[in-house]
Amino acid sequence: MRFSVLFIFCTLIFTASWLAAQSPEITGNTIVCGNKTLSMLENGTMTLSVDGKNAGSFYYYFSIADKNRNKTYWFGIGEKRSFNIARSQLTRDGNKFHYHGVAKLDGREWDFYEQTVELTEEGLIRISGQWTPPPYDELEMGTRTFFFASDFSFLGGKKVVINAKEITIPEKKTKEGNETFIDIPGGTSFSAKFLPDEPDRSFSISGAKPGFASIRGWLPASGKGVTFWLNRGARSTTFDLDIRPVTGK
């Protein structure tokens, strides 16, 4: 009898400890879940590590055309060349991180970008971004995209399931220039599950309209890795990132 009670007690402790390890929690400027860590950088970019190795970066990317100068600015959030770093900042309030970005393009500044990263009660990481078009007549918004960029060393040759379609990511570039290996038109919702056959390392991104027009996977001309282009066109988007292991869902 005593052995049975002790066994049940130990089992309950082990189960509680295992469940706690599978539930994301905030530590400083990171959200940790088992072997995965999402880090919030001061410039608004997010980096994901798995088993202590860099899995990739999540960030918004923009283009703005200057009609007077016949020039197009291409930049990611928080880049020193396009943001006033002194006026931009990352803050935390409870289970939410907020990034406020002030754009700076050849002397013209405005409150351009707001981003919230929230750890929900369900254990999902909700990423919301909103941007304000430039208040200058000569400047015109162009591309608005949410990128997940990874190295071949992490994703090359691995599987990803996008809207129930399983594909294998190329191990390397085979052509010059940007090389697209998948392009799925937008619908009412989307999901992308990375490493579906590796439960402990798997993670997923999902979202719904408004906020995206297509899901594209491409190999940048630089040849440095794999980029997923997850939305285009709207002024605000919301995505859920799930870093919980499959066995804990």
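Strands here are DSSP runs of E with at least two residues, numbered from the N terminus. With that in hand, Thr45 is easy to place: look in the loop between β3 (36–40) and β4 (46–50). Keep in mind as you browse that this is a predicted model.

## The chain as a whole

You're looking at a protein chain with 2 helices and 19 strands. Of its 249 residues, 47% are buried. Among the contacts with a separation of 6 or more, 55% come from residues 24 or more positions apart. The accessible surface adds up to about 12600 Å², and carbon and sulfur atoms hold 52% of that.

## Inside: the nonpolar cores

In soluble globular proteins, nonpolar side chains tend to be buried together. Here, the largest nonpolar core has 56 residues. Which of them touch the most other members? Those are Phe58, Phe112 and Phe194.

Take Phe58 as a starting point. Skip its neighbours within four places in sequence, and Phe58 is still in contact with Leu38, Thr45, Met46, Leu48, Phe146, Phe147, Phe148, Phe203, Ile205 and Leu241. Apart from that largest core lies another one, made of 6 residues, including Tyr61, Phe147, Trp218 and Trp229.

Thr45 is on the Phe58 list, so it's worth asking: is Thr45 buried or exposed? Thr45 counts as buried because its relative accessible area is 11%, and the cut-off for buried is under 20%. If you leave out residues up to four places away in sequence, Thr45 touches Ser39, Met40, Ser57, Phe58, Tyr59 and Ile77.

## Strands β5 and β6

These two strands make a handy place to zoom in. β5 and β6 run antiparallel, and 6 bridges join them. One of the pairings puts Ser63 opposite Trp74, its bridge partner in β6. The hairpin has 4 residues between the strands, and Asn70 there takes a positive phi near 55 degrees.

There's ring chemistry to look at in the model too, with 24 aromatic pairs in total. One of them is formed by Phe62 and Phe75: the pair is tilted, 6.0 Å centre to centre, with 35 degrees between the planes. Phe62 belongs to strand β5 (residues 53–66) and Phe75 to strand β6 (residues 71–76), so this pair links parts of the chain that are 13 residues apart. Both Phe62 and Phe75 are buried.

## Salt bridges

Side chains of opposite charge can pair when their charged atoms come close. This structure holds 15 salt bridges, and three of them are set out here.

| Partners | Closest N to O distance |
|---|---|
| Asp111 and Arg87 | 3.7 Å |
| Lys158 and Glu198 | 3.3 Å |
| Arg201 and Glu198 | 2.6 Å |

The side chains of Asp111 and Arg87 meet in a salt bridge. That pair links distant parts of the chain, with Asp111 in strand β9 (residues 108–119) and Arg87 in the loop between β6 and β7 (89–93), 24 residues apart. Asp111 is partly exposed, with a relative accessible area of 42%, and Arg87 is partly exposed at 44%.

Lys158 and Glu198 also meet through their side chains. Their salt bridge spans 40 residues of sequence: Lys158 is in the loop between α2 (152–155) and β12 (159–162), while Glu198 is in the loop between β15 (189–194) and β16 (203–208). Lys158 is partly exposed, with a relative accessible area of 28%.

Glu198 has a salt bridge with Arg201 as well. Arg201 counts as partly exposed because its relative accessibility is 21%, and buried would need a value under 20%. Elsewhere, salt bridges that share partners join Asp66, Arg69, Lys71, Asp106, Arg108 and Glu138 into one network.

## A glycine in a loop

Last stop: Gly177, in the loop between β13 (165–168) and β14 (179–185). Gly177 is partly exposed, with a relative accessible area of 31%. How many residues apart in sequence are Gly177 and Gly223? They are 46 residues apart along the chain, and 8.6 Å apart in space, C-alpha to C-alpha. Leaving aside neighbours within four places in sequence, Gly177 is in contact with Leu219, Pro220 and Ala221.

Methods
Residues are numbered from 1 along each chain as its sequence is written. This is a predicted model: local features need pLDDT of at least 70, side-chain atom pairs count only at pLDDT 80 or more; totals for chains, interfaces and linings use all residues. Side-chain values use heavy atoms; hydrogens and water are left out. Buried means under 20% relative accessible area, exposed over 50%, partly exposed in between (1.4 Å probe, protein chains only). Contact means heavy atoms within 4.5 Å. Accessible areas come from the Shrake-Rupley method with a 1.4 Å probe; for residues, only the protein chains shown count as cover. A nonpolar core is a set of buried Ala, Val, Leu, Ile, Met, Phe, Trp, Tyr and Cys residues joined through side-chain atoms within 4.5 Å. Rings of Phe, Tyr and Trp (its six-membered ring) pair if their centres lie within 6.5 Å; planes under 30 degrees apart count as stacked, over 60 as edge-to-face and the rest as tilted. A salt bridge is a side-chain nitrogen of Lys or Arg within 4 Å of a carboxyl oxygen of Asp or Glu. Two strands pair if DSSP finds at least two bridges between them.
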